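Please open the structure in a viewer and keep the selection panel at hand. The tour below proceeds stop by stop, stating what to select and what is found there.

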Amino acid sequence: MFGDVVETKPCQPKVPMDLFHSGQVVKICAPMVRYSKLAFRTLVRKYKCDLCYTPMIVAADFVKSAKARDSEFTTNKGDQPLIVQFAAKEAQVLCDAARIISPFADGIDLNCGCPQRWAMAEGYGACLINKPELIQDMVRHVRNQIDNPRFSVSIKIRIHEDLKRTVDLCQKAEATGVSWITVHGRSVEERHQPVHYDAIKIIKQSLSIPVVANGDVKTLKDAENVHHLTGADGVMVARGLLANPAMFAGYEETPLKCIQDWVDIALEHGTPFTCFHHHLMYMMERITSKQEKKVFNVLSSTSAVLDYLNDHYGV
């Protein structure tokens, strides 16, 4: 299903729903705060990632402030297909954000899974899984006001302790015209507990729209296993891609070529130093000794990092 390591070259961009109907498992880069920005999306797309999400953007800020729009969202011609993820709790606000973004992206995703305290306190994220009617209202609004039928509207959820409630929520969302549902197979309280792949399987069997499985996928082999365990149409990866952006192309650990690509892309995009450095720390986690990490992780300028990579890896 996933293919072996092959030389990567970009193919024709597809509308997200076409990917789900391709017969292949859709390989997806998750929305990650601070990390799934344009430069990193550009990198993973070089290594067999089919679909990328932006980090979560608070829809109300995005609608109100041009400054928020400029700092939160950047894209370019090669950055497709692209899903913009929003945190929202009011149908019209989500709709306004979707309208602003629709010329530049292929769809929006409503975050119904973020378990962070601040998000839940604001009425965003995972607290929405207890408000299926509100989710329906938001989806319906976007569907009615964006006249491009190929523009996708998806949701990303966590599961309830009582799975019947999750199935009910998903069926209600499906009835309202959601394009697909991404399921992180843990409840709001669960952080590092094993992922409930059996729950994702039950959800998949209860729906006729595509389902994406999310949680604890670290390698291409894991992705394949999760597909077999759940029947999911796609697999979404967060930390696994941070540690190895070439994961979907079948590499067990980050190849030097990928590190070189990151340096080139990050410099070209003017990536801030902290972000540039953090990504490298993640990518080199498995390929550097404790001693090397001690030195590398405290470097404090782009030139110091470039010198280090050149001296130690010929990058």
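Begin with the lining of the largest cavity, which by class comprises three nonpolar, two polar and three charged residues. To display this lining, select K37, L38, R41, T54, P55, E72, F73 and T74. The model is a predicted one, and it holds one cavity of 30 Å³ or more. The space inside the largest cavity amounts to about 40 Å³. As a general matter, empty space left among atoms is revealed by rolling over them a probe the size of a water molecule.

Proceed next to the largest pocket, whose volume is about 1100 Å³. Its lining consists of 40 residues, and those closest to the centre of the pocket are P31, M32, V33, Q116 and A238. Which elements each supply at least two residues of this lining? Select β3 (57-58), α4 (66-72), β6 (152-158), β9 (234-237) and α11 (239-243) to see them. By class, the lining of the largest pocket divides into 19 nonpolar, 10 polar and 11 charged residues.

Keep the pocket in view and add the annotation from the record. In an unreviewed entry, UniProt places a "binding site" feature at P31, M32, V33, Q85, H184, A238 and R239. Of these residues, P31, M32, V33, Q85, H184, A238 and R239 are included in the lining of the largest pocket. To place one of them along the chain, look at V33, located in the loop that runs between β1 (26-29) and α2 (38-46).

Now widen the selection to residues 29-292, where the unreviewed UniProt entry places the feature "domain: DUS-like FMN-binding". Helix accounts for 45% of this span and strand for 14%. The C-alpha atoms at the two ends of residues 29-292 lie 28 Å apart.

For the next stop, select helix α9 (residues 197-205) together with helix α10 (residues 220-230). How are the two helices, α9 and α10, placed relative to each other? They pack at an angle of about 55°, and their axes are 8 Å apart. The helices α9 and α10 are therefore oblique to each other. On the side of α9, the contact is made by Y197, I200, K201 and K204, and on the side of α10 by V226, L229 and T230. By class, the residues in this contact of α9 with α10 are four nonpolar, one polar and two charged.

Two details of the backbone follow. In general, most peptide bonds are trans, and most residues other than glycine have a negative phi. Select Q80 and P81: the peptide bond from Q80 to P81 is cis, with omega near -5°. P81 belongs to the loop between α4 and β4 (82-87). Then move to K48, a residue other than glycine whose phi is positive, near 75°. K48 is found in the loop between α2 and β2 (51-53).

The final stop is V315, in the segment that comes after α15 (302-313). Which residues does V315 touch, not counting those up to four places away in sequence? With that exclusion, V315 touches L256, I259, Q260, V263, L306, L309 and N310. Lastly, select V315 and K131 together: they are 184 residues apart along the chain, and their C-alpha atoms are separated by 50 Å.

Conventions. Residues are numbered from 1 along each chain as its sequence is written. This is a predicted model: local features need pLDDT of at least 70, side-chain atom pairs count only at pLDDT 80 or more; totals for chains, interfaces and linings use all residues. Side-chain values use heavy atoms; hydrogens and water are left out. On a 1 Å grid over the protein atoms alone, a cavity is a set of points where a 1.4 Å probe fits but cannot get out, and a pocket is an open set with protein on both sides within 12 Å along at least five of seven lines; lining residues have an atom within 4 Å of a point. Grid points are joined across faces, edges and corners, and a volume is the space filled by probe spheres set on the points. Ala, Val, Leu, Ile, Met, Phe, Trp, Tyr, Cys and Pro count as nonpolar, Asp, Glu, Lys and Arg as charged, and the others, Gly among them, as polar. Helices (H or I, at least four residues) and strands (E, at least two) are DSSP runs, numbered from the N terminus. UniProt positions are given in the numbering used here, feature names are shortened, and annotations may be inferred rather than shown by experiment. Axes are lines fitted to C-alpha atoms, for helices over the stretch in contact, and angles run from 0 to 180 degrees between N-to-C directions. Angles under 35 degrees count as roughly parallel, over 145 as roughly antiparallel, 65 to 115 as roughly perpendicular and the rest as oblique. Contact means heavy atoms within 4.5 Å.
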